[in-house]
Amino acid sequence: MRVSVTKETCAVASLCVYRVPEVFDQDEEGTVELLESDPPSELHQAVRSAARGCPTKSIHVEVE
């Protein structure tokens with residue numbers, strides 16, 4: 001799995017940070033920060049859930 005984010009469209013909802021704090025964080029303005037672009041397999045389901053729940057679809061998941 002490869003994860004990327006589009007900071008420019010982030011709505012600062014923070015749902016991704018609450019769901020997968022090992023992969024997502026926030027900068028000083030609250031915008032999403034990607035901590036891990038290649039998360040371990042045990043986090044894949046949670047990352048997919050965070051991507052589906054993102055209100056602006058700013059989280060992108062590619063399955064390798």
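Let me start with a question: does T31 count as buried or exposed? At 15% relative accessibility, T31 counts as buried, because the cut-off for buried is under 20%. I'll come back to T31 in a moment. Before that, one caution: what we're looking at is a predicted model.

Okay, the overall layout. The protein has two helices and four strands. If you walk along the chain from the N terminus, the order is β-α-β-β-α-β. Take the C-alpha atoms along the principal axes, and they fill a box of roughly 30 × 20 × 15 Å. What about the radius of gyration? For 64 residues, a compact globule would come out near 11 Å, and the protein has 10 Å, which agrees.

How much of the chain is tucked away? Buried residues account for 33% of the 64. As for the outside, about 3,900 Å² is exposed, and carbon and sulfur atoms supply 48% of that. On charges, I count 6 positive and 12 negative side chains, with the centres of the two sets 10 Å apart. And here's a number about how the chain folds back on itself: take the contacts between residues at least 6 apart in sequence, and 56% of them join residues at least 24 apart.

Now the inside. The largest nonpolar core has 14 residues, and the ones with the most contacts inside it are C16, V20, F24, V47 and I59. Both α1, residues 15-19, and α2, residues 44-53, supply at least two residues each to this core. Which of the elements gives the most? That's α2, with three residues.

Let's zoom in on C16, since it's on that list of well-connected core residues. What does C16 touch, once you skip residues up to four places away in sequence? The answer is P21, F24, V32, A50 and I59. Notice that F24 and I59 are also on the list of core residues with the most contacts.

Back to T31, as promised. T31 sits in the loop between β2, residues 24-26, and β3, residues 32-34. So here we have a loop residue that is nevertheless buried, at 15%. Who are its partners? Setting aside neighbours within four places in sequence, T31 is in contact with K7, C10, V12, D25 and Q26.

One of those partners, V12, deserves a stop. V12 lies in the loop between β1, residues 2-5, and α1. Its phi is near 60 degrees, a positive value in a residue that isn't glycine. For background, most residues other than glycine have a negative phi. V12 is partly exposed, with a relative accessible area of 36%.

There's another residue like that: K57. Its phi is positive too, about 55 degrees, and again it is not a glycine. You'll find K57 in the loop between α2 and β4, which covers 59-62.

Now a few residues in the regular elements. In strand β3 there's L34. L34 is partly exposed, at 29% relative accessible area. Leaving out neighbours within four places, L34 is in contact with V3, S4, V5, V23 and F24. How far is L34 from K7, 27 residues away along the chain? Their C-alpha atoms are separated by 9.4 Å.

Next, A46, in helix α2. A46 is partly exposed as well, with a relative accessible area of 26%. Not counting residues up to four places away, A46 touches R19 and V20. Compare that with H60: A46 and H60 are 14 residues apart in sequence and 13 Å apart in space, C-alpha to C-alpha.

Last stop, the end of the chain's final strand in our list, β4, where we find E62. Is E62 buried or exposed? At 52% relative accessibility, E62 counts as exposed, because the cut-off is over 50%. Beyond its neighbours within four places, E62 is in contact with M1 and R2. And E62 and S4, 58 residues apart along the chain, have C-alpha atoms separated by 8.5 Å.

So, to wrap up: two helices and four strands, a largest nonpolar core of 14 residues, and positive phi values at V12 and K57. Happy to take questions.

Terms used
Residues numbered from 1 in each chain as written. Predicted model: local features only at pLDDT ≥ 70, side-chain atom pairs only at ≥ 80, totals over all residues. Heavy atoms only, no water. Rg over C-alpha atoms; globule rule 2.2 N^0.38 Å. Buried < 20%, exposed > 50% of the residue type's maximum accessible area, 1.4 Å probe, protein only. Contact = heavy atoms within 4.5 Å. Areas by Shrake-Rupley, 256 points an atom, 1.4 Å probe, with all protein chains shown as cover. Lys, Arg positive; Asp, Glu negative; His and termini not counted. Charge placed at Lys NZ, Arg CZ, Asp CG, Glu CD. Core = buried A, V, L, I, M, F, W, Y, C linked by side-chain atoms within 4.5 Å.
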